[in-house]
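Biologist: Please show me the model, and then let me ask how its labels are earned.

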Amino acid sequence: MSDLATIALPLPSVRTPGAPPGARDLPAYCGELFGQFTRADQRRWGEVYLRGLLAVPGRKTPARITEQVLGRRAVQQIQQFVNQSPWASAPVRGRLAGQMVRAFRAEAWSVDEVVFAKNGDRSVGVARQYAASQERTVNCQLALATSLVGHAGGVPVNWRLVLPTRWDRDEGLRGQAHLPEQERCRPRWSYVLEALDEMLDEWSLEPLPVLADWRGDGDPDPLLRGLEARGLGYVVQASPHTPVLLPRGRAAVRGAGGTLAELAAHAVRQTERTSVTWHDPVTERMWHSEFLTVPVLLRAERSPEGCPATAPRPRMLLADWPYGRPQPRAYWLTNLPVRRLAEIVLLARLRRFAGEALGRMHDEFGLGDFEGRSFRGWHHHVTLASAALGFDMVRQQADERALSTPHA
């Protein structure tokens, strides 16, 4: 494997000729991500794979990556690195998150569903299942990605593969995919809280507000209680059909059951909507809408183990209700101070950066091109695809700093 020491294919040129050397230094970037691998060949194959995700046009297959990066086919070796090699994904993700924190100012953590459409039924986690983000049933793998997002963009740094129930029952499938015994079907909120605990406790990231679209889940209460137990702020989009307790009269005491939509309709007769105008720093446009804020009590049936029975901070419904419309166009649940309404609105809209980042990973960095069936291999691949986008973010931020630095 001595020919791995020199990798011939150059990366696409950096946008700005004056960018600092670190912006071009993929070996240094890989050294930080993969430097703790015990074997030198793992470190080298990590750079080969990452360079291929960054530079190979079209589909990023093992054959195309090795042919264009090394000048020869080495399919078996690179598949071994991605699918079977026993390096742990979580520490690499943690080091990636650390690099991203230094590269740009993250303002929130965004949790997003990611759909990996599949033709067969043998790849880990595949089943015909409902994908809330696409509002249809798909033969696919479903994942939850947690991204660092800010006005500079977003990078997914943590991943969880959501397992359907068929993967609990079929020991043959589990064995073929090398699925760890502890990996079982569980509620989505459990995956989210597990990922956040890893980011807080093991990676020591500074806590940030959590953004999520929970419209596909009928009961957001377990997720909210889990976030509250960890002292995290949140802005979570919910379905208008989410069950709540409607107030009696003007006192927000437990009353009849209803939905978020009914609560908003009830509150708008007694509460003035607040007009908010905000500046989008990305599009440089001014936006305007009206918002209704009202305390909300969910009709909770269960709570994550160890979570408090009552929320430490009041939950509010924030309804985006433009003037002249018969009903809101979005319903958000938040525990952030609503007196800073414009800030919450801007925060909620940061989720689009996570969606754009995931789209770029599919289109440019081979997120959906994994050739393998194993649980470990899937995690290796999505981690490396995140690292590829992360390197692009590092370069972009270095370019922008170089442009803004006065030259003598």
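Biologist: What makes strand 2 and strand 3 a pair?

Modeller: Two strands pair if DSSP finds at least two bridges between them, and strand 2 (residues 127–131) and strand 3 (residues 136–150) have five bridges, so they qualify, in the antiparallel sense. One of the bridge partners is Cys140 in strand 3, set against Ala127. The hairpin of these strands has four residues between them, where Glu135 takes a positive phi near 55°. This is a predicted model, in which local features need pLDDT of at least 70 and side-chain atom pairs count only at pLDDT 80 or more, while totals for chains, interfaces and linings use all residues. Residues are numbered from 1 along each chain as its sequence is written, and side-chain values use heavy atoms, with hydrogens and water left out.

Biologist: Why is Cys140 called buried?

Modeller: Buried means under 20% relative accessible area, exposed over 50%, and partly exposed in between (1.4 Å probe, protein chains only). Cys140 has 0%, so the word buried applies. Cys30, at 3%, is therefore buried as well.

Biologist: How many disulfides are there?

Modeller: The count is zero, where a disulfide is a pair of cysteine sulfur atoms within 2.5 Å.

Biologist: What share of the chain is buried?

Modeller: Of the 408 residues, 54% are buried.

Biologist: How many helices and strands does the chain have?

Modeller: The chain has 14 helices and 12 strands. Helices (H or I, at least four residues) and strands (E, at least two) are DSSP runs, numbered from the N terminus.
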